[in-house]
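Please examine the model shown below. The paragraphs that follow lead through its interior, its domains and the surroundings of its ligand.

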Amino acid sequence: MAALRWDGKLFVLDQRLLPWEERWVEVSSAEQAVELIRGLAVRGAPVIGLVAAYALALEAHKNPDLSYLEAQGQALAQARPTAVNLPHAVSLLLQVARETPEPERAKALAAAAEALHRADAEACLRMAQLGAAFLSGPSLSVLTHCNAGALATGGVGTALGVVRALHASGRLHRLYACEARPVLQGARLTAWEAVQDGLPVTLLADGAAGSLLASGAVHAVVVGADRIAADGSVANKVGTYPLAVLAQRHRVPFLVVAPTTTFDLACPSGAAIPIESRPAAEVRECAGRAVTAEGVGVFNPAFDVTPPELVTAIVCERGVIAPVTGENLQRVLA
Ligand code: MRU
C-alpha cells in the first residue's frame, strides 16, 4: 500500500476516489502537483512534502535554471499552509539545487527526493516501534482521527504505523476510526487501509467519540500531526483537539506520532500556526450532494491546535517527548 510511486516518473494514488476506485495519476509538473495537493488528491503532511520534492526534481529535468526552480518551489510550498513538511521539503531541495552545478542539478534533486522518501519510510518504522512500546497493556483498543497511515506518508504511517506494530505483536484489540467530516479521511481512507491489512476496525461518527471514551472501550488516542510548534502545540485534522479534551477527561493517554520533518521550532506556539480554511462546499455537501439549505454560512478550518498540556507524549523517530514541554522537545530534537 502506498500513496506515491517513483521510477523517474511520478505517480500518485488519487485519494479523492478511494475507496471506490484505485486510480494512479501521473504527475508531470509542479503546477499539476500544486493542484493535486490543493484538491486533496494527495494529502497527509509527510506525503505532500514528498510529492513536492519529486515534482521539483521533475522540473529540474525540464529546466535546471535556479530562479525557475525557486519560483516552482515557492508555488509548491504554498499549495497548503498548515503542514510544515511541505516548505521543509521544498527548502531542502532548493538548497541542493543551489549547491549543485546546473548540468548535474536534475540528478541531484531526484537523489535528494529519494533520500527524503527513504528517510520518511524509516522514520515511520522507528516511530511505530517507539509508540507501541510506550503504550502498555496486552490488548489495546486505539482511537484515531483522520488518516495518518500509509496513504499520508512514505512508509507504514505515523499513528497507523503504531497501530500496525500493535497488531503485528498481537496487542491490538480494535482500531476505532473517527470518520473525519467533512472530507471523510477516516471513513474513506483509514478504514480502507485497515481492511486491506486485516486490522479489526470500527468506524464512528466524530460526534460519537465522547460516548465511546466514556464507555471505557478506548485505551489510547493516537493521532498524527501537520505541524508541531516549539512549545509542543500540535496542529492536526480538525476534531483532534476535542479528542484530546475527552482523553484527558477520561484519563486515556493521548499520543501524537510525527516525524521530525513535522516540527517547526521557528513557530513559538500554537497561536502562530497557520490554519487552512477550506471551501464551504466541503461542509454544505456530502458525496457531492447538498445537505443543507442554500445560503447557509460555513466554518471550515481544516485543522485545529491541541495545546501541549493535553498531549501525553509526542513520538518522533528520535525518541519520545514526555511530558510535552519546550525543553523536552529541544532535548529530543537536538
Ligand atoms: O487535510 P489532510 O487530509 O491533509 O489532513 C491530514 C492530517 O491531519 C493528518 O493527521 C496529518 O497530516 C498527519 S499524516 C501522517
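The structure is a predicted model, and a useful place to begin is its interior. The largest nonpolar core contains 116 residues, and those that touch the most other members are V51, A52, A53, A55, L56 and V221. Helix α2 provides the largest share of this core, with 13 residues. Because domain 1 (4-122) and domain 2 (137-333) both contribute residues to the core, it lies between them. A52 may serve as an example of the contacts involved: leaving out residues up to four places away in sequence, A52 touches A33, L76, L86, A89 and V90.

The two domains deserve attention next. The domain assignment divides the protein chain into domain 1 (4-122) and domain 2 (137-333). Their C-alpha centres are 24 Å apart. Where the domains meet, 21 residues of domain 1 are in contact with 26 residues of domain 2. On the side of domain 1 that touches domain 2, α2, α4 and α5 each supply at least two residues. The element that gives the most to this side is α2, with 5 residues. Sorted by class, this side of domain 1 has 11 nonpolar, 7 polar and 3 charged residues.

The ligand can now be considered together with the residues around it. It is surrounded by 17 residues, of which R43, A45, A152, G224 and K237 are the closest. Domain 1 and domain 2 each give at least three residues to this shell. Among the elements of the chain, α2 and β9 (234-237) each supply at least two residues of the shell. The shell is made up of 8 nonpolar, 6 polar and 3 charged residues.

An annotation can be set beside this description. In an unreviewed entry, UniProt places the feature "binding site" at R43, G44, A45, R80, Q185, N236 and K237. Two of these annotated positions, G44 and R80, are followed here in turn.

G44 lies in the loop that separates α1 (30-38) from α2 (45-62). This residue has 30 other C-beta atoms within 10 Å, and because a residue with 20 or more such neighbours counts as buried, G44 is buried. Apart from neighbours within four places in sequence, G44 is in contact with N147, A148, L151, A152 and T153.

R80 is likewise a loop residue, found between α3 (66-77) and α4 (85-99). Is R80 buried or exposed? R80 has 20 C-beta neighbours inside 10 Å and therefore counts as buried. When residues up to four places away in sequence are not counted, R80 touches I37, R38, I48, L86 and E276.

The last element to consider is helix α6, which spans residues 159-168. Because 9 of its 10 residues are buried, α6 is largely enclosed by the rest of the structure. The buried residues of α6 are A159, L160, G161, V162, V163, R164, A165, L166 and H167. What covers them includes the helices α5 (105-134) and α7 (185-197), together with the strands β4 (140-144), β5 (172-178), β7 (220-223) and β10 (254-257). Just after α6, G170 adopts a positive phi of about 75°.

Notes: Residues are numbered from 1 along each chain as its sequence is written. This is a predicted model: local features need pLDDT of at least 70, side-chain atom pairs count only at pLDDT 80 or more; totals for chains, interfaces and linings use all residues. UniProt positions are given in the numbering used here, feature names are shortened, and annotations may be inferred rather than shown by experiment. Helices (H or I, at least four residues) and strands (E, at least two) are DSSP runs, numbered from the N terminus. A residue is buried if 20 or more other C-beta atoms lie within 10 Å of its own, exposed if 12 or fewer, and partly exposed in between; C-beta atoms are placed from the backbone. Two residues are in contact if their C-beta atoms, placed from the backbone, lie within 7 Å. A residue is near a molecule or strand if its C-beta atom, placed from the backbone, lies within 6 Å of it. Ala, Val, Leu, Ile, Met, Phe, Trp, Tyr, Cys and Pro count as nonpolar, Asp, Glu, Lys and Arg as charged, and the others, Gly among them, as polar. Domain bounds come from an automatic or database domain assignment. A nonpolar core is a set of buried Ala, Val, Leu, Ile, Met, Phe, Trp, Tyr and Cys residues joined through C-beta atoms within 7 Å.
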